[in-house]
Amino acid sequence: MPTSRPRLPRRRVALPLAAAALLVPVATACTSSGSSGGSGGDQRLKVAMAFPPAQAMSPFGDDAVTLSRLAVVEGLTRLDRNGEAKPALAASWKRDGDRAWEFTVREDAVFQDGTKLDAAAVVRSLTAAQKASPKPRVLSDTTLNATAADAGTVRITTKDADPLLPQRLANPSLSVLSAAAYKGARVNPAGHATGPFTLAEVNGAVSATLERNDTYWGSKAKAPGVDVKFVADGTARANALRTKDVDVAEYVPISQASLLGDGLVHEFPSARTNGLSLNTERGVFADPAMRAAAREAIDSKALVDGVYEGRADTAQGLLGPGVPWAADLRTAPTGRAKAAAPAEVRKTEQIVLATYTNRPELPEVATVVQQQLEKRGFTVKQVVRDYAQLEADALAGKYDAFIQARNTLLDTADPVSYLASDFTCDGSFNITQLCATPVDTAVDKAAALADTEARHRAEMTAEAAILGSDALVPLVHERFVQGYDDTRVRGVALDPMERTLITADTRVG
């Protein structure tokens with residue numbers, strides 16, 4: 001059993017869910033967002049997104065990923081297919097000792113409101129992210145201090161050595177916005193970013209309008225704009241694609257994939273693991289023996305075959321096939337408790353199992369998991385809602401168990417940030433509430449290593465410690481299924497790390 005250390009005060013209050021009341025005006029002039037006009041590359045894109053804004057389009061939460069997937073925001077760096085940092089708003093960079101880096105800001109970039117990008121703007125954005133509450137997950141294991149060495153040079157120092165800083169700065173939550181974005185308490189990216197598309201309007205949790213940014217420093221967008229619908233219901237997204245009401249549909253449900261056919265369905269490996277997070281701090285699963293019993297109850301293959309129709313992989317650990325080096329370095333879980341006997345399980349109180357509707361397979365997964373847990377002797381009550389209605393309670397530890405689909409490479413393209421944010425004592429996305437010294441020690445060791453292979457080995461040691469705690473029971477490793485007609489829609493990004501979908505090259509025709 002992992003030993004624990006005294007808990008530090010947790011700051012996990014979610015940002016206000018103000019998206020339903022949000023109407024953001026564009027800060028620059030834009031064309032009409034009416035029906036598609038013209039032909040070929042002149043046609044507006046119509047896109048169905050699975051997740052409506054949960055935090056009023058704040059760049060410091062999960063809405064930043066939506067902004068990135070729609071090509072609105074950019075950071076100092078970007079990631080290539082291998083997860084390596086490449087120039088974006090920074091033209092180049094160099095390391096200065098263990099804890100300092102210098103980034104040369106691109107000279108030809110301007111914000112969508114017409115103001116010029118400079119070192120001061122970068123410092124302002126990174127400082128705002130560092131001071132945000134809750135802090136973006138990508139900063140959960142580090143502290144940044146950014147200063148302007150001169151108008152075109154940003155110097156960034158970290159509390160500890162951070163060999164992953166260039167990858168970290170590609171995270172959408174560390175996007176650079178103009179000064180006008182920071183008026184008042186809420187950060188407003190509309191018209192104040194640098195990407196190929198400008199966020200012109202957000203109509204609550206219903207829709208958004210994007211216009212081409214004609215001042216973009218890179219290749220101009222081939223589509224004049226993007227009309228976005230937020231459609232939480234997966235079948236409705238698939239139907240909209242089938243009837244050509246949309247050109248691109250995020251996350252086509254497995255149940256709809258075979259109905260749509262290969263021409264509309266594009267399946268590819270992901271770095272996403274669906275897991276059962278167990279509340280280690282209070283309730284039934286504060287007992288490691290009960291967590292072990294829950295783990296023994298789970299049948300991953302039944303989920304792959306029954307729910308995912310074979311379009312997923314059985315769970316091997318926290319890191320699945322989307323992290324190709326993990327399998328060869330995996331070691332056995334350490335410190336596992338002996339599972340409680342069924343007779344002891346039946347004596348426990350009812351547990352609350354929660355999940356969300358935005359990913360259409362998860363409610364069905366929850367039903368199968370409930371049946372598996374009940375077969376072991378647990379009494380289970382389900383709570384299934386939109387993710388925006390669940391996040392704050394999940395982070396506060398109000399559920400006994402929570403099923404989520406988590407991209408393990410989303411934060412830095414290296415799993416160390418995921419391990420730190422989700423499983424350490426000070427982690428900002430620690431739904432399991434885990435606080436175990438062996439886990440913190442292993443994650444800290446991995447984070448300090450500059451050599452890639454050595455860091456990966458240390459990360460798998462950390463995985464073994466986390467799995468040994470049974471704080472999270474891996475369920476399946478997802479494969480992505482995105483929807484678009486490949487005979488008429490071009491340039492859609494199939495990104496295992498989920499940061500890109502619509503790009504400057506995406507167009508109809």
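In strand β7, the bridge partner of A100 is T157; strands, like helices, are DSSP runs numbered from the N terminus (strands are E with at least two residues, helices H or I with at least four). The model is predicted, so local features need pLDDT of at least 70 and side-chain atom pairs count only at pLDDT 80 or more, while totals for chains, interfaces and linings use all residues. Residues are numbered from 1 along each chain as its sequence is written, and side-chain values use heavy atoms, with hydrogens and water left out. The points below cover a four-stranded sheet, two helix pairs that involve α14, one disulfide and some backbone details.

**The sheet**

- Strands of a sheet pair through backbone hydrogen bonds, in either a parallel or an antiparallel way.
- Here four strands form an open sheet in the order β4-β5-β7-β6, and the pairing is antiparallel; two strands count as paired if DSSP finds at least two bridges between them.
- β4 (90-96) and β6 (144-150) stand at the edges with a single partner strand each, so one side of each has no neighbour in the sheet.
- On average, neighbouring strands of this sheet are turned by 25° against each other, with direction ignored.
- Axes are lines fitted to C-alpha atoms, for helices over the stretch in contact, and angles run from 0 to 180 degrees between N-to-C directions.

**Strand pairs inside the sheet**

- β4 and β5 run antiparallel and are joined by six bridges.
- W93 has F103 of β5 as its bridge partner, and R95 stands opposite W101 in β5.
- The hairpin of β4 and β5 has three residues between the strands, and G97 takes a positive phi near 80° there.
- β5 (residues 100-105) pairs with β7 (residues 153-158) over five bridges, in the antiparallel sense.
- Besides the A100 and T157 pair, E102 stands opposite R155 in β7.

**A helix across the sheet**

- Helix α2 (residues 119-131) lies across β5, β6 and β7.
- The direction of α2 is at about 170° to β6.
- In the loop between α2 and β6 lies P134, and the peptide bond from S133 to P134 is cis, with omega near 0°.

**Helices α12 and α14**

- Helix α12 (residues 416-423) packs against helix α14 (residues 452-469) at an angle of about 25°, with the axes 10 Å apart.
- The two are therefore roughly parallel to each other (under 35 degrees counts as roughly parallel, over 145 as roughly antiparallel, 65 to 115 as roughly perpendicular and the rest as oblique).
- The crossing of α12 and α14 is left-handed, meaning that the near helix is turned anticlockwise from the far one by less than a right angle; clockwise would be right-handed.
- V416, L419 and F423 of α12 make the contact with E459, A462 and I466 of α14, where contact means heavy atoms within 4.5 Å.
- These residues divide into five nonpolar, no polar and one charged (Ala, Val, Leu, Ile, Met, Phe, Trp, Tyr, Cys and Pro count as nonpolar, Asp, Glu, Lys and Arg as charged, and the others, Gly among them, as polar).

**Helices α13 and α14**

- The axes of α13 and α14 cross at roughly 165° and come within 8 Å.
- α13 and α14 are therefore roughly antiparallel to each other, and their crossing is left-handed.
- On the α13 side, P438, V439, A442, V443 and A446 take part in the contact.
- On the α14 side, these residues meet R455, A458, E459, A462, A465 and I466.
- The contact of α13 with α14 holds nine nonpolar, no polar and two charged residues.

**Disulfide and the loops around α12**

- The structure holds one disulfide, a pair of cysteine sulfur atoms within 2.5 Å.
- C425 and C435 form this disulfide, with their sulfur atoms 2.0 Å apart.
- The link of C425 and C435 is right-handed, with 95° about the S-S bond.
- Both C425 and C435 lie in the loop between α12 and α13 (437-447), 10 residues apart.
- A413 is found in the loop between β16 (401-407) and α12, and phi of A413 is near 65°, a positive value in a residue other than glycine.
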